[in-house]
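Me: I should like to examine the reasoning behind several structural labels. Please set each value against its criterion.

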Amino acid sequence: MARITSNDGGGARKPEGKYKAMAVCFILGLGSLVSWNSMLTIGDYYYKLFPKYHPARVLTLVYQPFAIGTMLILAYNESKINTRMRNLAGFTLFFASTFLVLVLDLATSGKGGIGPYVGLCVLAACFGIADAYVEGGMVGDLCFMCPEFIQSYLAGLAASGALISLLRVLTKLAFEKSHNGLRKGAILFFAISTFIEFLSIILYAIYFTKLPIVKYYRTKAALEGSKTVSADLAAAGIQTKTTDQGGQDNKQGERLNNKQLFLENLDYAAGLFLIYVATLSIFPGFLYENTGSHQLGTWYPIVLIAIYNVVDLISRYIPLVQWLKLESRRALLIAILSRFLLIPAFYFTAKYGDQGWMILLTSFLGLTNGYLTVCVLTIAPRGYKASFLKGELSI
């Protein structure tokens with residue numbers, strides 16, 4: 001077991017700072033996806049620069065394999081990884097990659113061509129790697145704390161899309177008739193994203209780890225056998241020493257390995273995977289390329305992306321109302337599988353329907369994506385001690 005020694009001279013005290021921690025989790029969620037959402041939301045700018053290369057589809061196809069591959073590697077080595085350094089490395093990579101997207105555009109003066117496009121794809125791959133570091137690490141870090149923390153983090157993920165969509169609407173209104181209006185909006189997006197990533201590094205490295213309630217949960221995790229929180233506790237002035245009490249361990253207290261944990265939560269893992277398969281089959285590539293021409297003109301894909309992101313954000317707060325939260329494992333899986341009916345629905349609506357039906361379907365896509373994601377990730381960790389939890393197997 002772990003022996004905890006605090007350098008601040010204080011004894012046990014009631015945890016404080018819950019709402020501060022929730023606010024920080026929200027900002028960290030914002031920082032975990034704001035850069036990638038910026039790249040997706042300014043798709044109309046990239047379609048102008050690279051009209052032959054299908055950027056919305058290709059950038060997503062580049063991003064996902066690097067995110068999934070990196071996450072699998074991290075999951076395999078989870079018990080050996082310093083969670084604090086992992087999250088800091090992820091946020092730092094996000095910051096550096098976002099800044100380099102800005103530098104790439106300024107260096108090429110906003111010109112297209114295969115060279116800048118390959119550079120953009122490389123940076124999209126870096127976003128995927130950073131996402132694997134941060135999302136898996138943060139979910140693993142927060143899932144042994146109170147459910148409100150992980151819910152706030154997931155809401156922050158959705159808020160990044162809503163924020164960028166709002167900025168996209170405002171910049172289009174402001175720069176639509178000006179010279180290089182799309183490029184000015186893109187530069188503004190990535191400048192804001194770079195600042196948010198820098199803020200995330202500071203908050204996680206310095207502020208979050210010293211909140212009393214965060215110290216409390218990490219100390220509790222260390223006492224339960226978690227080996228990945230020692231660096232966070234040390235940063236907060238709490239030292240941990242581990243002593244072996246093998247004679248007291250029983251089968252119930254043994255740490256589950258990856259295979260055991262995965263098999264126990266196979267339905268949750270498959271469900272979360274299928275949520276994103278259904279969503280990414282439609283968003284964002286289909287909404288940019290296959291929705292036809294309508295009265296909204298060039299505003300049409302921007303409006304669809306904005307509606308998806310806003311409804312996705314709102315839906316992540318629905319599970320806070322207990323009687324609206326879906327907790328049955330079977331019901332969750334049925335709801336997740338039923339979302340695949342949206343794929344033919346979008347196809348036939350794009351072919352035969354008007355923009356009103358497309359907006360309604362896009363809203364439902366965002367609603368189910370956010371709601372089901374929060375339900376799965378807040379229910380799955382129940383019943384496990386901190387030493388059993390592995391964020392990558394949830395993500």
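Reply: The exchange below takes up burial, helix geometry, backbone angles, salt bridges and a surface patch in this predicted model.

Me: Why is Thr41 called buried or exposed, whichever applies?

Reply: Thr41 has a relative accessibility of 5%. Buried means under 20%, so Thr41 counts as buried. The residue is found in helix H1, which covers residues 18-41.

Me: What makes the approach of the Thr41 side chain to the backbone oxygen of Asn37 a polar contact?

Reply: The side chain of Thr41 reaches that oxygen of Asn37 at 2.6 Å. The limit for a pair of N or O atoms is 3.5 Å, so the distance satisfies the criterion.

Me: How do you know that the span of H1 is close to the expected one?

Reply: H1 has 24 residues, and 33 Å separate its first C-alpha from its last. The expected value, at 1.5 Å a residue, is 34 Å. H1 also bends, by about 40° at Val34.

Me: What makes H1 mostly covered?

Reply: Of the 24 residues in H1, 18 are buried. Each of these is counted as buried because its relative accessible area is under 20%.

Me: Why are the phi values of His54 and Ser109 singled out?

Reply: Most residues other than glycine have a negative phi. His54 has a positive phi, near 50°, and Ser109 has a positive phi, near 55°. His54 is found in the loop between helix H2 (43-49) and helix H3 (55-76). Ser109 is found in the loop between helix H4 (83-107) and H5.

Me: Why are His54 and Ser109 called partly exposed?

Reply: The label applies between 20% and 50% relative accessible area. His54 is at 40%, so it is partly exposed. Ser109 is at 46%, so the label holds for Ser109 as well.

Me: How do you know that Arg183 and Asp105 form a salt bridge?

Reply: Their side chains meet at 2.8 Å, N to O. The cut-off is 4 Å, so the pair qualifies. The pair links distant parts of the chain: Arg183 lies in helix H7 (residues 181-207) and Asp105 in helix H4, 78 residues apart. Arg183, at 18%, is buried, and Asp105, at 12%, is buried too.

Me: What makes Arg329 and Asp267 a salt bridge, and how is each residue classed?

Reply: The N to O distance is 2.7 Å, and because the limit is 4 Å, the pair of Arg329 and Asp267 counts as a salt bridge. Arg329 has a relative accessible area of 37% and is partly exposed. Asp267, at 24%, is also partly exposed.

Me: Why are Asp312 and Arg316 a salt bridge, and how many such bridges are there?

Reply: Their side chains meet at 3.3 Å, N to O, which is within 4 Å, so the criterion is met. Asp312, at 5%, counts as buried, and Arg316, at 4%, is buried. A search of the whole structure finds five salt bridges.

Me: What makes Val118 eligible for a nonpolar surface patch?

Reply: Val118 has 45% relative accessibility and counts as partly exposed. A patch residue needs over 30%, so Val118 passes that threshold. Val118 lies in helix H5 (residues 114-142). Together with Tyr53, Ile114 and Val122, Val118 forms a patch with about 340 Å² of accessible area.

Technical notes:
Residues numbered from 1 in each chain as written. Predicted model: local features only at pLDDT ≥ 70, side-chain atom pairs only at ≥ 80, totals over all residues. Heavy atoms only, no water. Patch = residues over 30% accessible without salt bridge, like charges linked within 9 Å, V, L, I, M, F, W, Y side chains within 5 Å. Areas by Shrake-Rupley, 256 points an atom, 1.4 Å probe, with all protein chains shown as cover. Helix = DSSP H or I, 4+ residues; strand = E, 2+ residues; numbered from the N terminus. Buried < 20%, exposed > 50% of the residue type's maximum accessible area, 1.4 Å probe, protein only. Polar contact = N/O pair within 3.5 Å; in protein donor to acceptor, adjacent residues only side chain to side chain. Expected span 1.5 Å × (residues − 1). Bend = angle between axes of the 7 residues up to and from the residue.
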